[in-house]
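Subject: Structure for you to look at

Hello,

Here is the structure I promised to pass on. Please open it alongside this email.

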Amino acid sequence: MKHLPSPTRRSLAVLAAGTVAALALAGCSTGGTNDSGSGTDAGSGSFDAVEAALEKGGEITYWSWTPSAEAQVEAFQKEYPNVTVNLVNAGTNNEEYTKLQNAIKAGSGAPDVVQIEYYAFPQFALTDAFADLSAYGFADFEDDYTASTWNSVTNGDAIYGLPQDSGPMALFYNKTVFDAAGVPVPTTWDEYYEAAKKIHAANPDAYITNDAGDAGFATSMIWQAGGKPFETSGTDVTIDLQDAGSKKWTENWNRLVEEDLIAPYGSWSDEWFRALGDGSLASLVIGAWMPGNLISGAPDGAGDWRVAPMPTYDGTPASAENGGGGQAVTTQSENPELAAGFLWWLNNSEESISIFLESGGFPSTTAELSSEEFLSDAPEYFGGQKINEVLAAAADDVVEGWSYLPYQVYANSIFGDTVGQSYQNGTDLNDGLTAWQDALVEYGNAQGFTVNK
């Protein structure tokens, strides 16, 4: 799955507002999901019904923007020749989510299976847009996935999809730059701060990393710090972006922002990739799906880069998910058993997972994360380091207990208008988080949620 920075343009905020308003109101009128795991069942039956549907065949539609989707569909249809899968690229993240919401509102036009990032799952599950796959015995697959990714597609006993990839965070660093500045690999955030000062002092054009204000990065960093700012029970929502974990992160990151120690530009631009290639950006704290992006986007950095565990606050291993997603079966599907079967094959079969990994994805499945073949991979780009040993360990170290808002898509879209201003002005990130919280409380209450802070 390609991972993109969270939208910050005002146009996306307006678009997301219209989308989430309908979702929130629908969730309140239908009851949605709650902590007891209630929701819409996919239908009565078991996995036997899924297997029977795969053999019988039929036609389904699958929305996805992953680079591996076409090859996966082709392999699936070869294995199940009675099934036709119509693959549609309906756009990336917000573009697809808007089309999906329009189909939900219209009562028709949704695909049978849809790709969804983890942060967006709660928003759609709340409105019964996704089928509950527990009716088909999908609970038996829990141990096939990492705990953090499984929790991202479930709510109590309800199962709204299966994970595809994961993004446990790690420190990707340019060893050549660190060595030249005499900087050891930081294991704590205090050491990271000291490294940032030394790298910038050695070369005023070089920075330890970049960050212009990205919601996905900020929430992941709060997650790693132990923050739990978002709690949801049905349509009751609590937001506390001044909890201990949130403040722990801002205390750490404020000094980097206020002292101009991080490059003030966003990710995924040509400038960003050039900086990663020429060494003027010395590290990234980012999800485990990053290696393929570095190899293809910053070829000049080949041989310089390495991977280490994410710095922590006390030296105890701790990570968080950054990006990633899975697929869900929509409640508009006229053949949910067949759709569930395709979903199962997509995210649980060895052939499909192999195709996904070859396209640069990072697995959510425990079998792959522990396999000798996976762990022994030593890319030349990373100096022959067995980077997956570090990344797989990060998956085991993801802090438990995180949850997203049931309107996280909208929340991310206004991050730039609130917290982003703190980045732009070089001021206290706590003020930005407070502004973000106030806007989210006001918005949620206006949409029919009961939001407390």
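Below is what turned up in it, topic by topic.

**Confidence**

This is a predicted model. The mean pLDDT of the protein chain is 91. Of its residues, 90% reach 70 or more. Residues 1-44 need caution: pLDDT stays under 50 there. The model still has 119 contacts for that stretch beyond four places in sequence.

**Nonpolar cores**

In soluble globular proteins, nonpolar side chains tend to be buried together. Here the largest nonpolar core has 78 residues. Which of them have the most contacts inside it? They are Phe130, Ile239, Trp249, Trp253 and Trp436. Another core, of 33 residues, lies apart from it. Leu133, Tyr136, Trp345 and Ile355 are among its members.

Trp436 is worth a click. Beyond four places in sequence, its contacts include Phe230, Leu241, Ile414, Phe415 and Val419. Polar names appear on its contact list as well, including Thr219, Gln408, Asn412 and Thr418.

**The largest pocket**

Where is there open space? The largest pocket holds about 830 Å³. It is lined by 39 residues, and the closest to its centre are Asn151, Ser152, Thr154, Trp402 and Ser403. Helix H6 (147-152) gives the largest share of the lining, with 5 residues. Helix H5 (121-125), strand E4 (154-155), strand E8 (230-233) and helix H17 each supply at least two. By type, the lining splits into 19 nonpolar, 14 polar and 6 charged residues.

**The cavity**

How many cavities of 30 Å³ or more does a search of the whole structure find? It finds 1. The volume of the largest cavity is about 50 Å³. Pro163 and Gln164 line it, together with Leu346, Asn347, Ile353, Phe356, Pro363, Ser364 and Thr365. Helix H13 (336-348) and helix H14 (350-358) each give at least two residues to this lining. The lining has 5 nonpolar residues, 4 polar ones and no charged ones.

**Helix H17**

Besides its part in the pocket lining, H17 (residues 387-396) has two residues to look at. Asparagine 388 lies in this helix. Is asparagine 388 buried or exposed? Its relative accessibility is 8%, so it counts as buried. Leaving out residues up to four places away in sequence, it touches Phe362, Phe374, Leu375 and Asp377.

Alanine 392 sits in H17 as well. It counts as buried because its relative accessibility is 9%. With the sequence neighbours again left out, alanine 392 touches Phe362, Leu369 and Leu375. Phe362 and Leu375 thus appear on both contact lists. Alanine 392 and phenylalanine 362 are 30 residues apart in sequence. Their C-alpha atoms are 9.5 Å apart in space.

**Helix H11**

H11 covers residues 270-278. Its buried residues are Trp272, Phe273, Ala275, Leu276 and Gly277. What covers them? The cover includes strand E7 (169-174), strand E10 (283-287), helix H12 (290-297) and strand E11 (305-309). Glycine 279 comes just after H11 and takes a positive phi of about 90°.

**Two positive phi values outside glycine**

Most residues other than glycine have a negative phi. Two loop residues here have a positive one.

- Asparagine 93 has a phi of about 30°. It is found in the loop between strand E2 (83-88) and helix H4 (94-106). Its relative accessible area is 10%, so it is buried.
- Aspartate 128 has a phi near 60°. It is found in the loop between H5 and H6. Its relative accessible area is 16%, under the 20% cut-off, so aspartate 128 is buried too.

**Glutamine 224**

Glutamine 224 is found in helix H9 (residues 215-224). Why does it count as buried? Because its relative accessibility is 4%. Beyond four places in sequence, it touches Trp189, Met310, Pro311, Thr312, Tyr313, Ala318, Ser319, Ala320 and Val399. Glutamine 327 is another matter: it is 103 residues from glutamine 224 in sequence, and 25 Å away in space, C-alpha to C-alpha.

Best wishes

Note on methods: Residues are numbered from 1 along each chain as its sequence is written. This is a predicted model: local features need pLDDT of at least 70, side-chain atom pairs count only at pLDDT 80 or more; totals for chains, interfaces and linings use all residues. Side-chain values use heavy atoms; hydrogens and water are left out. Helices (H or I, at least four residues) and strands (E, at least two) are DSSP runs, numbered from the N terminus. Buried means under 20% relative accessible area, exposed over 50%, partly exposed in between (1.4 Å probe, protein chains only). Contact means heavy atoms within 4.5 Å. pLDDT is the predictor's confidence in each residue, from 0 to 100. On a 1 Å grid over the protein atoms alone, a cavity is a set of points where a 1.4 Å probe fits but cannot get out, and a pocket is an open set with protein on both sides within 12 Å along at least five of seven lines; lining residues have an atom within 4 Å of a point. Grid points are joined across faces, edges and corners, and a volume is the space filled by probe spheres set on the points. A nonpolar core is a set of buried Ala, Val, Leu, Ile, Met, Phe, Trp, Tyr and Cys residues joined through side-chain atoms within 4.5 Å.
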